[in-house]
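Student: I have a structure to go through with you today. Could we talk about how its descriptive labels are earned?

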Amino acid sequence: MQGEAAKPLRVSLGDRSYPIIFAADGLAGFADSLSRVISPRRVAVVTNRRVARRYWRRVKSGLEKRGYSPIQCLVPDGEPAKTLTVAEEVIGRLIEARLDRDSAVIALGGGVVGDLAGFVAAVFLRGVPYVQVPTTLLAQVDSAVGGKTGVNHRLGKNLIGSFYQPRLVYSDIETLRTLPKRELRAGMAEVIKCGVIRDADLFGRLEKQMPRILAVDAGALVPVIRRACQLKAAVVAADELESGVRAILNFGHTFGHAIEALTEYRKYKHGEAVGIGMIMAGRISARLGLCSADAPARILDLVLAAGLPTKPPQFGRRAWERAVVADKKRRGKEIRFVGVRRIGRCEIVQISVKELLDTLDLEGRSI
Ligand SMILES: NC(=O)c1ccc[n+]([C@@H]2O[C@H](COP(=O)([O-])OP(=O)(O)OC[C@H]3O[C@@H](n4cnc5c(N)ncnc54)[C@H](O)[C@@H]3O)[C@@H](O)[C@H]2O)c1
Ligand SMILES: [Zn+2]
């Protein structure tokens, strides 16, 4: 892959800076890229069966050819892997395989594997180096960039974790060809979000090229992934520990998280809930007078074009209120709502949950 669209990015965090490589070689060049940041040593590849079936052999032989000694740590598929119990099992495997401070962890998989493996790397021997090889669109544009790692607690998602930056992100678009379309669409919601919050050009590109992008046409998709990473990297560099501006990455997530909770994390993928959440947030922004009606209309059309659901599930006002208040990003009774000014610009508005729901006017059925 050549040209501007394939140029590596650098996440600038002082001595914790790291590159994001964009590849289209089915992971053939991974070991080579790895050797530029971490010299050959013992490495643990955390992955799951679904991903390993497709990519393990190639990754293993590439690593061995370059002089690494890889071991495989299989974890369950999907969200159930993000627990302290599984983290402890992985750590047990690392101890048995005699990994030490000079070893490294490689996360090969989607956001679940990335969050779990990053967390293990952060706590094992008080921290060993790790790299991300994201194989879902969501992981490539979102979870693999930014250094948030962690697992779930039975009382809530992502409640246990740490900020811990990888040494390298190796993002290979070819891996997205084996990804179920529903997963691809769900990841697209986070890309749309990037367009809304910071980049009108990206949003326009998505409006024009969505069918090609969903077909994993490299010419259309790689620049989009790169742009989304660039944006997230810039926001993270400005606010690594999420105390200020990084909150705009939560656009669409107040209601997105509420929708996931209301439907008990069963009905919607995270990205699907965020798609609906962005439509709701756009409408509220227009009603609050932050933007014209054109912005929410374009958001709706683009979410629809991505093949994502657009209608909020039907729940009463009390249920919405409970779900919004329970979202951990609230501050007291006020919440930090990310509103749209126009496509490409968002801002944080302090608003009470009551006002938010009044504006949403659930009972009036006007959403
Ligand atoms: N750390 C962060 O900043 C951050 C940000 C957003 C989301 N997340 C977390 O990310 C997780 C969701 O990640 P996800 O959407 O990637 O889900 P996931 O990791 O569960 O992957 C989705 C499904 O696709 C499969 N899969 C992965 N790659 C594949 C491939 N190339 N081919 C075929 N199948 C493949 C997985 O096995 C899984 O079944 C959540 O736990 C969420 O909390 C973290
Ligand atoms: Zn998200």
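Student: Why is the crossing of H6 and H10 called left-handed?

Tutor: This is a predicted model, and in it H6 and H10 pack at an angle of about 35°. A crossing is left-handed if the near helix is turned anticlockwise from the far one by less than a right angle, and the crossing of H6 and H10 is assigned to that class. The two axes lie 7 Å apart.

Student: Which residues of H6 and H10 meet?

Tutor: In H6 they include Ala186, Met188, Ile192 and Val196, and in H10 they include His270, Val274 and Met278. Contact here requires C-beta atoms, placed from the backbone, within 7 Å.

Student: What makes Gly187 and Gly275 polar residues in that contact?

Tutor: The classification counts Gly among the polar residues, so Gly187 of H6 and Gly275 of H10 go there. By class, this contact has seven nonpolar, four polar and three charged residues.

Student: How do you know that Gly110 belongs with the residues that surround ligand 1?

Tutor: A residue counts if its C-beta atom, placed from the backbone, lies within 6 Å. Gly110 is listed among the closest of the 28 residues that surround ligand 1, along with Gly111, Val112, Thr136 and Ser143. That shell divides into six nonpolar, 13 polar and nine charged residues.

Student: And what is the make-up of the side of domain 1 that touches domain 2?

Tutor: 23 residues of domain 1 are in contact with 24 of domain 2. The domain 1 side has 16 nonpolar, five polar and two charged residues.

Definitions and conventions
Residues are numbered from 1 along each chain as its sequence is written. Chains are lettered from A and ligands numbered from 1 in the order in which they are written. This is a predicted model: local features need pLDDT of at least 70, side-chain atom pairs count only at pLDDT 80 or more; totals for chains, interfaces and linings use all residues. Two residues are in contact if their C-beta atoms, placed from the backbone, lie within 7 Å. Axes are lines fitted to C-alpha atoms, for helices over the stretch in contact, and angles run from 0 to 180 degrees between N-to-C directions. Helices (H or I, at least four residues) and strands (E, at least two) are DSSP runs, numbered from the N terminus.
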